[in-house]
Amino acid sequence: MKLTHLQDKTLLYDTKMLAGIERETTLKLLHHLKEIDRRKLYSDLKYSSLFNYCVYELGYSEGSAQRRIVAARMLREIPEIEEKIENGKLTLSNITLVNQYIDKTSERRKVLRAVEGLTKRECERKLFEITGKEIVPDEIKKRISQDKIQVAVVLSEETLAEIEKLKDLLGKDLSMDELVRFMAKEAIKSIEKNKFKQTEAPKSLSPVAVGRRIPANIKREVYKRDQKCVNCGTQHRLNYDHRVPYALSGQSNKENLRLLCFQCNQRARIRAGLQNIRGKEQLPAP
Ligand SMILES: [Zn+2]
């Protein structure tokens, strides 16, 4: 696109107009994300979260996706910010900062008014002034070789003391990588044992499923078979789900059970008409 022929006045006018159109489009996009989030529709495309949908389906960078999701959810929580996003008084960055610093909706409403028209830096200063909270930077990840990523995290003194205690108990001089891997492995083992009944020596076999409760051996077999969400493939927040819902006389047996993540489970419930989705609007028939 060549613009060299444009007069200065026209160039400035057009640019301002385009910025307005861009904000209008962003607002429309936020409304669409809000609705997709409400229906958990990304699960139908086998994404485990709205974030993954934004990054992998829509092609946003991680930061852009995060800001849009926060703003879309804030729009649901505080609809009156719509006009301010459209006229540029509230930016997605500032909405994200307010979300990070303030927990209560009533307070967010007040603080969002206070940061209208501010730059990101001014907004950070204002939030620090209002809350007195320390700025906790997001975890910083940087790839330093093909298989190594440098991660900068902020830990409290209490956490550091616990880590030192663990090192003493292990009595080995482990690198931070080895230590974190050890902690992750132990945590996974304990969660698998408690939640998914994974054990090397199961005590008894095949009690018959009674009611909604899923017997340990069935949980074990389903977990062993599925290992992850059978819809989107994530291993995050897994639950046992009845294919034919229990409320519709579905059995708690291996054939009728599957592992689904929290989001896919919610979507399945919405599709089965078992769950009222948030918001007043009606869901159109599939
Ligand atoms: Zn899933």
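## The β1–β2 hairpin

In this predicted model, strands β1 and β2 form a hairpin in which 2 residues lie between the two strands. Strand β1 covers residues 140–145, and its pairing with β2 is antiparallel, extending over 5 bridges. One of the residues involved is Ser 145, whose bridge partner in β2 is Lys 148.

Strand β2, which runs from residue 148 to residue 152, is hardly covered, since the count of buried residues among its 5 residues is 0. As a general point, the side chains of a regular strand alternate between the two faces of the sheet.

## Packing of helices α2 and α3

Two packed helices are described by the angle between their axes and by the distance between those axes. For helix α2 (residues 50–57) and helix α3 (residues 62–77), the angle is about 135 degrees and the axes are 9 Å apart. An angle from 115 to 145 degrees falls in the oblique class, and α2 and α3 are therefore oblique to each other. The crossing in which α2 passes α3 is right-handed.

On the α2 side, the residues that meet α3 are Leu 50, Phe 51, Cys 54 and Val 55, while α3 contributes Glu 62, Ala 65, Gln 66, Arg 68 and Ile 69. Sorted by class, this contact between α2 and α3 comprises 6 nonpolar residues, 1 polar residue and 2 charged residues.

## Arg 267 and its surroundings

Helix α11, which spans residues 262–271, contains Arg 267. Is this arginine, Arg 267, buried or exposed? Arg 267 has 22 C-beta neighbours inside 10 Å, and a residue is taken as buried when 20 or more other C-beta atoms lie within that distance, so Arg 267 counts as buried.

When neighbours within four places in sequence are left aside, Arg 267 is in contact with Lys 40, Ser 43 and Asp 44. For one of these partners, Asp 44, the C-alpha atom is separated from that of Arg 267 by 8.0 Å, although the two residues are 223 residues apart along the chain.

## The chain as a whole

The protein chain has 11 helices and 4 strands. Of its 286 residues, 19% count as buried, and Arg 267 is one of the residues that count as buried.

Among the contacts in the protein chain between residues at least 6 apart in sequence, 54% join residues that are at least 24 apart. The contact of Arg 267 with Asp 44, two residues that are 223 residues apart along the chain, is one that spans such a separation.

How values were computed. Residues numbered from 1 in each chain as written. Predicted model: local features only at pLDDT ≥ 70, side-chain atom pairs only at ≥ 80, totals over all residues. Buried ≥ 20, exposed ≤ 12 C-beta atoms within 10 Å, placed from the backbone. Pairing = 2+ DSSP bridges. Axes fitted to C-alpha atoms, helices over the stretch in contact; angles between N-to-C directions. Parallel < 35°, antiparallel > 145°, perpendicular 65-115°, else oblique. Left-handed = near helix turned anticlockwise from the far one by under 90°. Contact = placed C-beta atoms within 7 Å. Nonpolar A, V, L, I, M, F, W, Y, C, P; charged D, E, K, R; others polar.
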